[in-house]
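Visitor: I should be grateful for a close look at one part of this model, namely the place where the two chains meet. Please describe that part first and then set it in its wider context.

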Amino acid sequence: MSAVDLLNLVIAALLLAGVYAAMSVGMTIVYGVMKIVNLAHAGFLMLGAYFVYELYARFSIDPLVGVVLAFPVFFFIGLAVHWILIRRIPSSDQPTLTSLLLLFGLWLVLQNLGYLIWGNADRAILTPRTLYVLQIGPISFPAVRLIVFGAAVASIGGLELVLHKTWFGGAVRALMQNSDAGRIVGVNVEKTARIAFGVGIAFAGAAGGLLAMLYSFSPDFGGSFLLRAFVIIVLGGLESFAGVAIGALILALAETFSILVLPASYQPAIAFSLLVLALVVLPEGVAGLWNKRHRLA
Amino acid sequence: MGNRQDLNRLLEVANLELAYETVQVVWGVNLKVSRGQVVSIIGPNGAGKTTTLKALAGLIPVRKGRIIFDGQDVTSEPAHLRVRHHLCLVPEGRQLWARMTVEENLLMGAFSPPLRAKAHQNLNRIYELFPQLKERSKQACGTLSGGEQQMCAIGRGFMAEPLLLILDEPSLGLAPILVEQVFQMISRIAAEGVTILLAAQNANQALQVAQYGYVMEAGRVALEGVSDELRASDHVRRAYLGVSN
């Protein structure tokens, strides 16, 4: 393999990692604050894809603008879902069976709602730039991938800024690490959880829109990405945003480079294998490596 | 006379009964703390000290009884609103956010909206009182030593401009020299005019720093009194100060 091929693969992996991270942070924030594994995340990824698709097909709204619009729309959907369903789950420091079943059920409902509305035909978002290929010297890549990567990085950057520079962000990070300490200093746990859930769903919707710019989709779209998001947040240590970025990069590199040795149809197996490997070798994720020295006495 | 006493009373706990699920652990506890005082609760592990303090902070629901703080009934007020009365708990085991920096931990102490405007002013005051924390301000809390963590936890409580600072086992698990340091810190905060309610298994130091003390045993107040009297009492001497007659 030539150096150019290698570089092309690395760049492809990097660009993929961006959107992988974007689709995973929503799950991480929900898990971190509420200790709920949001199995319905896949359903919101799917809805996000159709949201952007419909805006483009009906109103010729640019998919990128659609993704930006997905943030507020899905944020409010998230608030509503929290108010109707999630707040009724008894709070716990561990993921409970109740929450898993509820959110799995919600996923099924969303999926079938999708079939009801859009049928089972595959859709894709095709814009004039979809097939445009950028050529920089010997390196070439689809422009849309770069755009998606940029949007993903910008949204994650925005989230990081909110988490580190605002009182709400402080509350979110505090609840992720120790919720009782949060209550002592005056954090309203339920209110923060509601907003965090909204943010998580907002990211799911927007990430779904980004994925729809890259792949074709149907109402069961999201399942394979849910698995990937799982792998990424397990690799990342469940509660760490830096870990998510690294987890996304590891998975993207593994998947991208696997084409050198494996037929493309085996690609989903990469995520499964990584998940098993991570659980056996790094149960605390890559974040566990640097958190070891942060243990509280 | 009675009226004047009422004005001077910061905290009054009456007939407090607390339980975890179905297991009752506190049975009719009465406590009184006057403004400007340091009051200690001593007693063995499992006596209900921590449970009582958690209930004061609103972390455990009150089954029976009342908690009056600064003239207001806060018995059923949710935990996150109590800090607005300037009632602050420094919990057992410190409960810091290990992956946040010292400064972030301290600033979170002023999370409650009415406190935010003065957050940085209060932060500087803490740095003046405890220069060690300033040196470590950009470090993740999890990397601090036990004594520094305790200092940070007390500092976080101090950020809420406490009328009452509740300290639960501030010296637990610390080396003797650090225990000394922590109690010096408590004296310094008391000298700032902050009322302190302190629970500790270390009866000797807890009673030294306090003016008044309670002895809790098996979920009840077994004994109370001015701390010098308590220290002189046979029961306390034998059970808590390790003095045999």
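**The contact between the chains**

Guide: In this predicted model, 27 residues of chain B are in contact with 21 residues of chain A. On the side of chain B that touches chain A, three helices each supply at least two residues: α3 (79–82), α4 (102–108) and α8 (146–158). Of the elements of chain B, α8(B) gives the most to this side, contributing three residues. By character, the residues of chain B on this side comprise 13 nonpolar, nine polar and five charged.

The chain that carries this surface may be considered next. Chain B contains twelve helices and ten strands. Its C-alpha atoms occupy a box of roughly 50 × 40 × 40 Å along the principal axes. The radius of gyration of chain B is 18 Å, which agrees with the value near 18 Å expected for a compact globule because the chain has 245 residues. Buried residues account for 47% of the 245 residues in chain B. Of the contacts in chain B between residues at least 6 apart in sequence, 65% join residues at least 24 apart.

There remains the nonpolar interior. In soluble globular proteins, nonpolar side chains tend to be buried together. Here the largest nonpolar core holds 173 residues, and those touching the most other members are Val19(A), Leu45(A), Leu210(A) and Ile166(B). Leaving aside residues up to four places away in sequence, Val19(A) touches Val148(A), Phe149(A), Ala152(A), Ala207(A), Leu210(A), Leu211(A) and Leu214(A).

Terms used:
Residues numbered from 1 in each chain as written. Chains lettered and ligands numbered in written order. Predicted model: local features only at pLDDT ≥ 70, side-chain atom pairs only at ≥ 80, totals over all residues. Helix = DSSP H or I, 4+ residues; strand = E, 2+ residues; numbered from the N terminus. Rg over C-alpha atoms; globule rule 2.2 N^0.38 Å. Buried ≥ 20, exposed ≤ 12 C-beta atoms within 10 Å, placed from the backbone. Contact = placed C-beta atoms within 7 Å. Core = buried A, V, L, I, M, F, W, Y, C linked by C-beta atoms within 7 Å. Nonpolar A, V, L, I, M, F, W, Y, C, P; charged D, E, K, R; others polar.
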